[in-house]
Amino acid sequence: VRLDPERDQLEMDWIEYAIEQEIPLLGICRGAQLINVVLGGRLHQDIRPMRQHTHNRPGLLPTKQVRLVPGSILAAVCGKERLRVNSLHHQAIKEPGRGLKAVGWDLDQITQAVECSTGHSTIGVQWHPAYLFYLPSQFALFRWLLQRAT
């Protein structure tokens, strides 16, 4: 993994600004991880050894299962509590940061989704819904963001 401290700082500054200004956030993969870090959360640096039920093969197709908390904002947005998603990551949220709660897990119980528990419009997902826009549950994430941003 190539490090880019200037990019990290720029993106973390944007996240802090969005939270301070109450601008809605949809964190995707690295974005979800950065939101978590900005809010004081911790990451698993490498989830590959943790895999027992889900292969960690990178892919754009929806091959991984995610279970969402019934009644969560994310479950309401997606319109379901079980999703098939893609996977392109080797890190994941270990402990949610201040004001975040885990609301989605894969078969290995690794956090795959978080949302704000304090009322701020923030959702973070470990998968890449832009590659799954043809699925209504995934397209709905972008509709959610657009509705809150206008």
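**Entry 1: the cysteines**

Buried, in these notes, means under 20% relative accessible area. I am working from a predicted model, so I keep that in mind throughout. I began with Cys 29, which is buried because its relative accessible area is 9%. Cys 78 comes out buried too, at 7% relative accessibility.

Next I wanted to know how many disulfides there are in the whole structure. The search found zero. Why is Cys 29 not bonded to Cys 78? A disulfide needs two cysteine sulfur atoms within 2.5 Å. The sulfur of Cys 29 has its closest cysteine sulfur in Cys 78, 16 Å away, so a bond is ruled out by distance. I checked from the other end as well: Cys 78 is in no disulfide, and its nearest cysteine sulfur is that of Cys 29.

**Entry 2: around Cys 29**

Where does Cys 29 sit in the fold? I found it in the loop between β1 (25-28) and α2 (30-38). Its backbone caught my eye: phi of Cys 29 is near 55 degrees, a positive value in a residue other than glycine.

Then I listed what Cys 29 touches, leaving out residues up to four places away in sequence. The list is His 89, Val 125, Gln 126, Trp 127 and His 128. I also looked up His 120, which is 91 residues from Cys 29 in sequence. The C-alpha atoms of Cys 29 and His 120 are 19 Å apart in space.

**Entry 3: helix α2**

I moved on to α2 and asked which of its residues are buried. They are Ala 32, Gln 33, Leu 34, Ile 35, Asn 36 and Val 38. I noted that Gln 33 and Asn 36 are on that list. What covers the buried residues of α2? The cover includes α1, β1, β2, β5, β6 (100-105) and β8.

After α2 comes Gly 40, with a positive phi near 90 degrees. I put Glu 22 beside it in my notes: Glu 22 is not a glycine, yet it has a positive phi of about 60 degrees. Glu 22 lies in the loop between α1 and β1. With a relative accessible area of 64%, Glu 22 is exposed.

**Entry 4: salt bridges**

How many salt bridges does the structure hold? I got seven. I started with Arg 30 and Glu 11, whose side chains meet at 2.9 Å, N to O. This pair links distant parts of the chain, with Arg 30 in helix α2 and Glu 11 in helix α1 (residues 5-20), 19 residues apart.

Are Arg 30 and Glu 11 buried or exposed? Arg 30 is partly exposed, at 27% relative accessibility. Glu 11 counts as buried, because its relative accessible area is 18% and the cut-off is under 20%. I then saw that Arg 30 and Glu 11 belong to a network of salt bridges that also takes in Arg 7 and Asp 8.

Another of the bridges joins Glu 95 to Arg 42, with the closest N and O atoms 3.0 Å apart. Here too distant parts of the chain are linked: Glu 95 is in strand β5 (residues 92-95) and Arg 42 in strand β2 (residues 42-44), 53 residues apart. Glu 95 is partly exposed, with 37% relative accessible area. Arg 42 is partly exposed as well, at 42%.

I also wrote down Arg 48 and Asp 46, whose side chains form a salt bridge at 2.8 Å, N to O. Asp 46 has a relative accessible area of 31%, so I marked it partly exposed.

**Entry 5: aromatics and the nonpolar patch**

Last, the aromatic rings. I found one aromatic pair in the structure. It is Phe 133 with Tyr 134, and their ring centres are 6.1 Å apart. Why is the pair edge-to-face? The planes of the two rings stand at 75 degrees, and over 60 counts as edge-to-face.

I looked up exposure for both. Phe 133 is exposed, at 52% relative accessibility. Tyr 134 is partly exposed, at 46%. Tyr 134 lies in the loop between β8 (122-125) and α4 (136-149).

Which residues make the nonpolar surface patch of about 460 Å²? Phe 133 and Tyr 134 are among them, together with Leu 61 and Phe 139. So I filed the aromatic pair and the patch on one page.

Key: Residues numbered from 1 in each chain as written. Predicted model: local features only at pLDDT ≥ 70, side-chain atom pairs only at ≥ 80, totals over all residues. Heavy atoms only, no water. Buried < 20%, exposed > 50% of the residue type's maximum accessible area, 1.4 Å probe, protein only. Helix = DSSP H or I, 4+ residues; strand = E, 2+ residues; numbered from the N terminus. Contact = heavy atoms within 4.5 Å. Patch = residues over 30% accessible without salt bridge, like charges linked within 9 Å, V, L, I, M, F, W, Y side chains within 5 Å. Areas by Shrake-Rupley, 256 points an atom, 1.4 Å probe, with all protein chains shown as cover. Salt bridge = Lys/Arg side-chain N within 4 Å of Asp/Glu carboxyl O. Phe/Tyr/Trp six-rings, centres within 6.5 Å; stacked < 30°, edge-to-face > 60°.
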